[in-house]
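Visitor: I would like a close look at one part of this model, the enclosed space inside the protein and what surrounds it. Please take me through it slowly, and set it in the context of the chain.

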Amino acid sequence: MSAGSDALEDAELVARYLTGPPAGRQPAFAGLMRRHKQPLYRLIVAQIGDPDDALDLLQESFVSAHAALGRYDPSRSLRAWLARIAINKCRDWHRRRRVRHFLARVLPIEAGERIADTAPDAQAHAIDRDDLARTLAGIRRLPAILRDPLILCAIEQLSHAEAAEALGITVKAVETRVRRARALLDADRA
């Protein structure tokens with residue numbers, strides 16, 4: 001069924017999952033995962049900068065999508081819906097990381113040793129292409145309000161309308177935020 005499910009539209013796969021026979025549910029969701037795992041992984045890596053943690057967040061995103069698939073509106077873009085779930089998972093990850101760093105500074109040194117530091121090792125992730133590394137670092141430094149639309153449109157190549165749907169904002173707001181994000185990145189390079 002996997003070859004057949006690759007030819008189906010997202011809405012058809014969702015319908016097969018929700019209303020089809022039990023034997024067809026798993027292949028339908030697997031088809032959705034196959035289709036969307038690479039773009040979601042790229043989105044998550046761009047958001048958090050850690051490929052290993054991105055795999056965990058990708059899995060969490062699909063688990064959440066699986067649980068909420070009955071609430072998906074098939075008249076909307078599934079890719080945008082999944083991107084919204086992934087972005088929310090990334091925001092949760094950033095919050096947990098800030099709490100860990102805060103606790104590491106506040107608690108006694110002995111307690112801090114028990115708290116795992118999930119920050120990526122800079123030397124282990126050194127990239128030969130310095131320009132790319134600076135650009136990605138600049139994107140990560142952008143406030144989420146600018147970073148999210150930029151990643152969705154420039155890296156994931158969602159249309160402004162799809163990005164607006166994923167973020168719950170207007171198309172004009174996406175256009176403005178992408179323009180501002182690019183201006184900040186250009187100013188950072190100068």
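Guide: What follows moves from the whole chain to the cavity, and then to a residue linked to its lining. Please keep in mind that this is a predicted model, with every value computed from it.

The secondary structure of the chain consists of 10 helices and 0 strands, so the elements can be referred to by helix number alone, α1 onwards, as they are numbered from the N terminus. Of the 190 residues, 36% count as buried, and the accessible surface of the chain amounts to about 11,200 Å², with 54% of that area belonging to carbon and sulfur atoms. Among contacts with a separation of 6 or more, 63% are between residues 24 or more positions apart.

Turning to the enclosed space itself, the count gives 1 cavity of 30 Å³ or more, and the volume of the largest cavity is about 60 Å³. Its lining is made up of H36, P39, L40, L43, R79, L82, A83, E156 and L158. Two helices, α3 (22–48) and α5 (78–106), each contribute at least two residues to this lining, and the most comes from α3, which gives 4 residues. Sorted by class, the lining holds 6 nonpolar, 1 polar and 2 charged residues; histidine belongs with the polar residues because it is not listed among the nonpolar or charged ones.

The lining also includes E156 and L158, and between these two numbers lies Q157, which comes just after α8 and takes a positive phi of about 55°. Helix α8 itself spans residues 144–155, and its buried residues are L146, R147, D148, P149, L150, I151, L152 and C153.

One further residue deserves attention, since H36 of the lining is among the contacts of D10. D10 is found in helix α2, which covers residues 10–19, and, leaving aside neighbours within four places in sequence, D10 is in contact with L32, R35, H36 and L78. The side chains of D10 and R35 are joined by a polar contact of 2.6 Å. D10 is classed as buried because its relative accessible area is 16%, and the cut-off for that class is under 20%.

Taken together, the cavity is lined by residues including H36, R79 and E156, with α3 as the helix that gives the most to the lining, while D10, in α2, is in contact with H36 and has a polar contact with R35.

Conventions
Residues are numbered from 1 along each chain as its sequence is written. This is a predicted model: local features need pLDDT of at least 70, side-chain atom pairs count only at pLDDT 80 or more; totals for chains, interfaces and linings use all residues. Side-chain values use heavy atoms; hydrogens and water are left out. Buried means under 20% relative accessible area, exposed over 50%, partly exposed in between (1.4 Å probe, protein chains only). Contact means heavy atoms within 4.5 Å. Accessible areas come from the Shrake-Rupley method with a 1.4 Å probe; for residues, only the protein chains shown count as cover. A polar contact is a pair of N or O atoms within 3.5 Å; within protein, one must be able to donate a hydrogen and the other to accept it, and residues adjacent in sequence count only if both atoms are side-chain atoms. On a 1 Å grid over the protein atoms alone, a cavity is a set of points where a 1.4 Å probe fits but cannot get out, and a pocket is an open set with protein on both sides within 12 Å along at least five of seven lines; lining residues have an atom within 4 Å of a point. Grid points are joined across faces, edges and corners, and a volume is the space filled by probe spheres set on the points.
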